[in-house]
Amino acid sequence: MSNIGGEVIGTALLILLGDGVVAAVLLNHSKAQNSGWIVITFGWGMAVMVGAYSVFQFTGAHLNPAVTVGVWIQGGIDGGQAIKYFIGEFLGAMLGATLVFAAYYQHFAATEDPGLKLAVFSTGPAIRNPVANLITEIIGTTVLIVGILGILANKSLALAPGSSGLGILLVGLLVLGIGLSLGGPTGYAINPARDLGPRIMHAILPIPGKGPSDWGYAWVPVVGPLIGGVVGGLIYYYAWPG
């Protein structure tokens, strides 16, 4: 499986299950409606785990441009490979968002609030302050990158022959922890593809009663995680050389 193909599949699964749990909680007449933030954060953690387990053996399961940047800084891939990962991640995110739209079409139609419909696809701040929101995304993504690199550096946890294979589960729990602890201010995008790909599909898809896609905020969940990817990669590179 190519890096592009693998990342498309893994990221599509990530977004299908991640945006899917948001749709389940927010949209009218869903059996999970109003089940709350804990359900959303747990669902996103499981989404990361499923997407990563599905393609880890083929691509390393970045599923996130910020992770790709962190691995690139570590020297795990070169620039040409990074571009292929980026392509797969964004295409996969757009595909996953489209599948969520298809699965919940009736519930989008039954929901009046256009803000809830946008929230299924992309993140938004609880208090809109671009600088503060950017800092939150940088901090959350830095924790993600340092955590992932640290977990998967332990060869007994990765999906190598003879290993326990627990590393990906721990990454899912890491994402759960970030959501619970740092997700409140911005909805914890911590992944440029996770936010931008579905936001593009929100703008394109014929979602009944949708509003604007909030492009004025869209740069924050892209730039913040990319900076966090660089910071996390550098911290890990210099704190634990070799």
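This is a walk through one structure, stop by stop, with a selection to make at each. Keep in mind that the model is predicted.

**Stop 1: the pocket**

Start with the largest pocket, which has a volume of about 870 Å³. Its lining takes in 38 residues, so there is plenty to show as sticks; to find the middle, select Val67, Val71, Ile148, Leu149 and Leu152, the ones that lie nearest the pocket centre. Next, colour the helices that give two or more residues to the lining: H2 (37-59), H3 (65-74), H7 (130-153), H8 (167-182) and H10.

**Stop 2: just past the end of H7**

Select Asn154, in the loop between H7 and H8. Is Asn154 buried, partly exposed or exposed? Asn154 is partly exposed, because its relative accessible area is 34% and the partly exposed class runs between 20% and 50%. Now add Gly167 and draw a distance between the two C-alpha atoms: Asn154 and Gly167 are 13 residues apart along the chain, and the separation comes out at 8.1 Å.

**Stop 3: the aromatic rings**

Five aromatic pairs turn up in the structure. For one of them, select Phe101 and Tyr105: the ring centres are 5.5 Å apart and the planes sit at 85 degrees, so this pair is edge-to-face. That label follows because plane angles over 60 degrees count as edge-to-face. How do the two partners fare for accessibility? Phe101 counts as buried at 10% relative accessibility, while Tyr105 is partly exposed at 40%. Keep both selected and add Phe108 and Phe121; ring pairs link these four, Phe101, Tyr105, Phe108 and Phe121, into a cluster.

**Stop 4: the salt bridges**

There are three salt bridges to visit. As general background, side chains of opposite charge can pair when their charged atoms come close.

Begin with Arg194 and Asp19, whose side chains meet in a salt bridge at 3.5 Å, N to O. Which parts of the chain does this pair tie together? Arg194 lies in helix H9 (residues 192-204) and Asp19 in helix H1 (residues 3-26), so the bridge ties together parts that are 175 residues apart in sequence. Switch on a surface and check both ends: Arg194 counts as buried at 6% relative accessibility, and Asp19 is buried too, with a relative accessible area of 1%.

Stay on helix H9 and select Arg199 with Asp195. These two form a salt bridge, with the closest N and O atoms 2.7 Å apart. Both residues lie in helix H9, four residues apart, which is about one turn of the helix. Both Arg199 and Asp195 are buried.

For the remaining bridge, pick Asp214 and Arg128, where the side chains meet at 2.8 Å, N to O. Asp214 lies in the loop between H9 and H10, and Arg128 in the loop between helix H6 (114-121) and H7, so the pair ties together parts that are 86 residues apart in sequence.

**Stop 5: the loop between H9 and H10**

Don't let go of Asp214 yet. Its relative accessibility is 22%, so Asp214 counts as partly exposed. Look at the backbone as well: Asp214 has a positive phi of about 55 degrees although it is not a glycine. Why flag that? Most residues other than glycine have a negative phi.

Step along to Trp215, which also has its place in the loop between H9 and H10. Trp215 counts as partly exposed at 44% relative accessibility. Draw another C-alpha distance, this time from Trp215 to Leu196: the two are 19 residues apart along the chain and separated by 9.6 Å.

**Stop 6: another positive phi**

Jump to His29, in the loop between H1 and H2. What is the phi of His29? His29 has a positive phi of about 70 degrees, and again this is not a glycine. His29 is exposed, with a relative accessible area of 64%.

**Stop 7: a nonpolar patch**

Finish on the surface. Select Trp219, Val223, Ile227, Val231, Ile235 and Trp240: together they make a nonpolar surface patch of about 500 Å². One of these, Ile235, has its place in helix H10 (residues 220-239). Ile235 counts as partly exposed, at 38% relative accessibility. From here you can go back to the pocket, where H10 is among the elements that give two or more residues to the lining.

Key
Residues are numbered from 1 along each chain as its sequence is written. This is a predicted model: local features need pLDDT of at least 70, side-chain atom pairs count only at pLDDT 80 or more; totals for chains, interfaces and linings use all residues. Side-chain values use heavy atoms; hydrogens and water are left out. Rings of Phe, Tyr and Trp (its six-membered ring) pair if their centres lie within 6.5 Å; planes under 30 degrees apart count as stacked, over 60 as edge-to-face and the rest as tilted. Buried means under 20% relative accessible area, exposed over 50%, partly exposed in between (1.4 Å probe, protein chains only). Patches are made of residues with over 30% relative accessible area and no salt bridge: like charges are joined within 9 Å, nonpolar side chains (Val, Leu, Ile, Met, Phe, Trp, Tyr) within 5 Å. Accessible areas come from the Shrake-Rupley method with a 1.4 Å probe; for residues, only the protein chains shown count as cover. A salt bridge is a side-chain nitrogen of Lys or Arg within 4 Å of a carboxyl oxygen of Asp or Glu. On a 1 Å grid over the protein atoms alone, a cavity is a set of points where a 1.4 Å probe fits but cannot get out, and a pocket is an open set with protein on both sides within 12 Å along at least five of seven lines; lining residues have an atom within 4 Å of a point. Grid points are joined across faces, edges and corners, and a volume is the space filled by probe spheres set on the points.
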